[in-house]
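User: Please examine the structure shown below and explain the reasoning behind each label that you apply to it.

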Amino acid sequence: MMDSAVGIAEGKAVNEGAVDAASGTQAAELSVILPSFNEAANIPILIDLLDGVMTGIAWEAIVVDDNSPDGTTEVARKIAQVDPRVRVIRRIGRRGLSGACIEGILASSAKFVAVMDADLQHDETLLPKMLAELRTGDTDLVVASRKVDGGEIGEGLSSIRAWGSNIANGLAQKLLNVTLKDPMSGFFMIRRDRAEEIAPKLSPQGFKILLDLVSSANGTLKIKELPFTFRERQHGESKLDTLVTLDYFGLLLAKYFGDVVSVRFLMFGLVGASGLVVHLVALRVFLLADMSFNAAQTAASFVAMTSNFFLNNQLTYRDRRLRGVQALVGLLTFYAVCSVGVLANVGVANLIYADPAYWWFAGTAGAIMGAVWNYAASSALTWRKN
């Protein structure tokens, strides 16, 4: 039966899709990946819109929902019960647009995969044109661009967000040598085999999967940009916030340094750097309150550790965010982890510190050792995967 299905699939023209030998239904040529969080009102509308523009195309929609509290998963499943072209992946204990896109792409067996937001801001009428470009075989990736002739930001972004998007585009182009005019676009279509080839290099964190794909491909993708107008959101609220901005800069740094360190480790390091500032401010306050230096140093250390914990919980480990009693337990384990990190820091520094002229090297080595320990132990104990 498997050989028969493969033979049928190979014998069909690309634009006809493959026929499932068991059911007689047409297998999808195109999978549309719809990452979602609190999009219950938008999913039914979007599926109807896709149905209206995909005439003559064997397509499917894969809704990848991050366990939305508004019931997005349930809404999508009700549609899937009557429409076999709709599939649903519910993610628990994992958050983030990039990770959702990667899981959706890897769940597809179609020749082509498209990624678009579930918030109705992306123009679904562009999908057939994108597919036509890929079918020629001369293109690996088609990007819906707001920056080429005919494309517009429209009413989809506020003036501040549009300004920030322009800055982010410029940084990506300059630091990563990305030639895309709109590397911040979240609407694109790619050959699935190319996406799977690049997937092991991608970060599951962050919100800019396209930038990650293009920079990780190191110039090997044949790219075409098509103009589109970014529409205004109709239902729900935007998921973008200042934390997403920090995620983006973490991705930018990770790619700039050739993925030597992960985005999460970079975020952990940035939080740690902020903790140093918090520590010094707290130390000064405690000393002004006539505390002894040792007592003030100890108290300041706990203030900094507390600050680091909550920042890491909100940013670095936002996909494993601890709440309620779990947050309290996590804070206590973070105190324990960081206390051991201090010992590792001092121990390594003392081993290296032989010549006073190299005090800076010993101190740096100790700090790096402490940071690596804190990151590894925190990932395994405080924010361990469920």
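**Labels and their grounds**

Analyst: Among contacts between residues at least 6 apart in sequence, 74% join residues at least 24 apart. The model is a predicted one. Its secondary structure comprises 13 helices and nine strands, and 46% of the 386 residues count as buried. The protein exposes about 19100 Å², of which carbon and sulfur atoms supply 60%.

User: Why is strand S3 said to be largely enclosed by the rest of the structure?

Analyst: A residue is buried under 20% relative accessible area. Seven of the seven residues of S3 (residues 30–36) are buried, and the strand is therefore described as largely enclosed. The burial concerns both faces: Leu30, Val32, Leu34 and Ser36 lie on one side, with Ser31, Ile33 and Pro35 on the other.

User: What makes S3 and strand S4 a pair?

Analyst: Two strands pair if at least two bridges are found between them. S3 and S4 (residues 59–65) are joined by seven bridges and run parallel, so the criterion is met. One of the positions involved is Ser36, whose bridge partner in S4 is Asp65. Between the two strands the chain passes through helix H2 (residues 43–53), and this β-α-β crossover is right-handed.

User: How do you know that S3 also pairs with S6, and in which sense?

Analyst: The requirement is again at least two bridges. S3 and S6 have four bridges, in the parallel sense, so they pair. Within this pairing, Ser31 stands opposite Val113 in S6.

User: Why is Ala118 called buried, and which residues does it touch?

Analyst: Ala118 has a relative accessible area of 2%; the limit is under 20%, so Ala118 is buried. This residue is found in the loop between strand S6 (112–115) and helix H5 (127–135). Leaving aside residues up to four places away in sequence, Ala118 touches Pro35, Ser36, Glu39, Asn42, Ile43 and Leu46. Ala118 and Ser36 are 82 residues apart in sequence, while their C-alpha atoms are 6.0 Å apart in space.

User: What makes Ser68 a buried residue, and where is Ser68 located?

Analyst: Its relative accessible area is 8%, so Ser68 counts as buried under the 20% limit. Ser68 belongs to the loop between S4 and helix H3 (72–82). Its contacts, not counting residues up to four places away in sequence, are Ser36, Phe37 and Asn38.

User: Why is the pair Phe309 and Phe334 called tilted?

Analyst: A search of the whole structure finds nine aromatic pairs. In one of them, Phe309 and Phe334 lie 5.9 Å centre to centre, with 50 degrees between the planes. The distance falls within the 6.5 Å limit, and the angle is neither under 30 degrees nor over 60, so the pair is tilted. The two residues belong to distant parts of the chain, with Phe309 in helix H11 (residues 293–316) and Phe334 in helix H12 (residues 325–352), 25 residues apart. Both Phe309 and Phe334 are buried.

User: What makes Tyr317 and Trp383 a stacked pair?

Analyst: Their rings are 4.4 Å apart centre to centre, with 5 degrees between the planes. Planes under 30 degrees apart count as stacked, so this label applies. Tyr317 lies in the loop between H11 and H12, and Trp383 in the segment after helix H13 (359–382), 66 residues apart. At 0% relative accessibility, Tyr317 counts as buried, and Trp383 is likewise buried at 0%. Phe309, Phe310, Tyr317, Phe334 and Trp383 form one aromatic cluster.

User: Why are Asn218 and Asp290 called exposed?

Analyst: Exposed means over 50% relative accessible area. Asn218 has 63% and therefore counts as exposed; Asp290 has 70% and is therefore exposed. Asn218 is placed in the loop between helix H8 (209–217) and strand S9 (223–227), while Asp290 is in the loop between helix H10 (263–288) and H11. Neither is a glycine, although Asn218 has a positive phi of about 55 degrees and Asp290 one of about 70 degrees.

User: How many disulfides are there, and are Cys101 and Cys338 buried or exposed?

Analyst: A disulfide requires cysteine sulfur atoms within 2.5 Å, and by this rule the count is zero. Cys101, with a relative accessible area of 0%, is buried. Cys338, at 8%, also counts as buried, the limit being under 20%.

How values were computed. Residues are numbered from 1 along each chain as its sequence is written. This is a predicted model: local features need pLDDT of at least 70, side-chain atom pairs count only at pLDDT 80 or more; totals for chains, interfaces and linings use all residues. Side-chain values use heavy atoms; hydrogens and water are left out. Buried means under 20% relative accessible area, exposed over 50%, partly exposed in between (1.4 Å probe, protein chains only). Contact means heavy atoms within 4.5 Å. Rings of Phe, Tyr and Trp (its six-membered ring) pair if their centres lie within 6.5 Å; planes under 30 degrees apart count as stacked, over 60 as edge-to-face and the rest as tilted. A crossover is right-handed if, with the strands pointing away from the viewer, the path from the first strand over the helix to the second runs clockwise. Accessible areas come from the Shrake-Rupley method with a 1.4 Å probe; for residues, only the protein chains shown count as cover.
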